[in-house]
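What follows is a guided reading of one model, taken element by element. Please keep the coordinates open while reading.

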Amino acid sequence: MTGTDLDSLLDEPDAAFRRELGDALAGLDDEDALAGVLVRSPETFEQLTDRMATLEDIAAFAETDPAAVDQYLTVLWNGVEIVTTNIGSIGAAVTMDTSVNWCATDSPVAFHATTDPSAGTIAGGPDPLDDPEITFEGHTDVLFSMLGDDEFNPPLAYVQNRYEVVGSLERAREFDRMMETVTADMAAFA
């Protein structure tokens, strides 16, 4: 499907969105195809992230269609890498060198990111790293909210025990602040 098809899917009810997401993302694991969507319709990437961050019962979706969720995570992190690599002002917001895992406690979802300030890049994808500096553990909906829900408040969610941090809490806070800046810069780009 094209970015336009993905655009129309974003407005579908949850059941149709879940059913058709894998098909809509097919081919976007190709860097050139994804870059084309990012250039033609950058708001689509942001809306997809928002939709997945707020999708009702994301844990059940991850259980019933793990391939579609993995496809989304591949598209998400490949898109972030393309943007941070090619837009200097966004890459400049990458200020710490770290590796991070997100591991769900209520579904098979696990994914990772690595950051490189010297290259100004963030990369990642499905599956956890073997030895990350930071790991966020929590329910799937909380982990996806961390990725794209504008209303999600990480410090408050942490105090409310909605997720755990394995590793340095200070480094996790530093990572959160950096990602807030990168995300805001990417939203301005869209």
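**Charges, strands and loops**

Arginine 19 is exposed, its relative accessible area being 59%. The model in which this value was computed is a predicted one, and the description below should be read with that in mind. Arginine 19 forms a salt bridge with glutamate 20, and the closest N and O atoms of the pair lie 3.8 Å apart. Glutamate 20, with a relative accessibility of 30%, counts as partly exposed. Side chains of opposite charge can pair when their charged atoms come close.

In total, the structure holds five salt bridges, and some of the others involve helix H10, which spans residues 169-189. Arginine 177 forms a salt bridge with glutamate 170, with 3.4 Å between the closest N and O atoms. Both partners count as partly exposed, arginine 177 because its relative accessibility is 44% and glutamate 170 because its relative accessibility is 45%. A further salt bridge brings together the side chains of glutamate 174 and arginine 171, at 3.2 Å from N to O. Why are glutamate 174 and arginine 171 separated by about one helical turn? The reason is their spacing, because the two residues are three residues apart in helix H10. Glutamate 174 is partly exposed at 27% relative accessibility, and arginine 171 is likewise partly exposed, with a relative accessible area of 22%. The contacts of this region also extend to Glu133, which is linked with Arg171 and Glu174 in a network of salt bridges.

Acidic side chains also appear in another setting, for Asp29, Asp30, Glu31, Asp32 and Glu81 form a negative surface patch. Within that patch, aspartate 30 belongs to the loop between helix H2 (14-25) and helix H3 (31-40). Aspartate 30 is partly exposed, as its relative accessible area of 39% shows. Glu81 falls within the residue range of helix H6, residues 66-86, a helix in which alanine 67 is also found. Alanine 67 counts as partly exposed, its relative accessibility being 49%. Between the C-alpha atoms of alanine 67 and glycine 148, which are 81 residues apart along the chain, the separation is 20 Å.

The strands can be approached through E2, which covers residues 110-116 and pairs with strands on either side of it in the sequence. Strand E1 (residues 98-104) pairs with E2 in the antiparallel sense, over six bridges, and the two strands form a hairpin with five residues between them. Strand E3 (residues 121-126) also runs antiparallel to E2 and is joined to it by six bridges. E2 and E3 likewise form a hairpin, here with four residues between the strands, and glycine 120 in the turn has a positive phi of about 70 degrees. Which residues stand opposite alanine 113 of E2 in these two pairings? On the E1 side, valine 100 stands opposite alanine 113, while in E3 the bridge partner of alanine 113 is glycine 124. Strand E2 is largely enclosed by the rest of the structure, because five of its seven residues are buried, where buried means a relative accessible area under 20%.

Another antiparallel pairing joins strand E4 (residues 134-138) to E5 over four bridges. In this pairing, glycine 138 stands opposite tyrosine 163 of E5. Strand E5 (residues 163-166) has two faces that differ in cover, since Tyr163 and Val165 make up the covered face, whereas Glu164 and Val166 make up the uncovered one.

Two residues in loops deserve a look at their backbone angles. Asparagine 161 has a positive phi of about 60 degrees although it is not a glycine, and the residue is placed in the loop between helix H9 (154-159) and E5. Asparagine 161 is exposed, with 60% relative accessible area. Aspartate 57, also not a glycine, has a positive phi of about 55 degrees. Aspartate 57 lies in the loop that separates helix H4 (42-54) from helix H5 (58-64), and at 49% relative accessibility this aspartate counts as partly exposed.

Notes
Residues numbered from 1 in each chain as written. Predicted model: local features only at pLDDT ≥ 70, side-chain atom pairs only at ≥ 80, totals over all residues. Heavy atoms only, no water. Patch = residues over 30% accessible without salt bridge, like charges linked within 9 Å, V, L, I, M, F, W, Y side chains within 5 Å. Areas by Shrake-Rupley, 256 points an atom, 1.4 Å probe, with all protein chains shown as cover. Salt bridge = Lys/Arg side-chain N within 4 Å of Asp/Glu carboxyl O. Lys, Arg positive; Asp, Glu negative; His and termini not counted. Charge placed at Lys NZ, Arg CZ, Asp CG, Glu CD. Buried < 20%, exposed > 50% of the residue type's maximum accessible area, 1.4 Å probe, protein only. Pairing = 2+ DSSP bridges.
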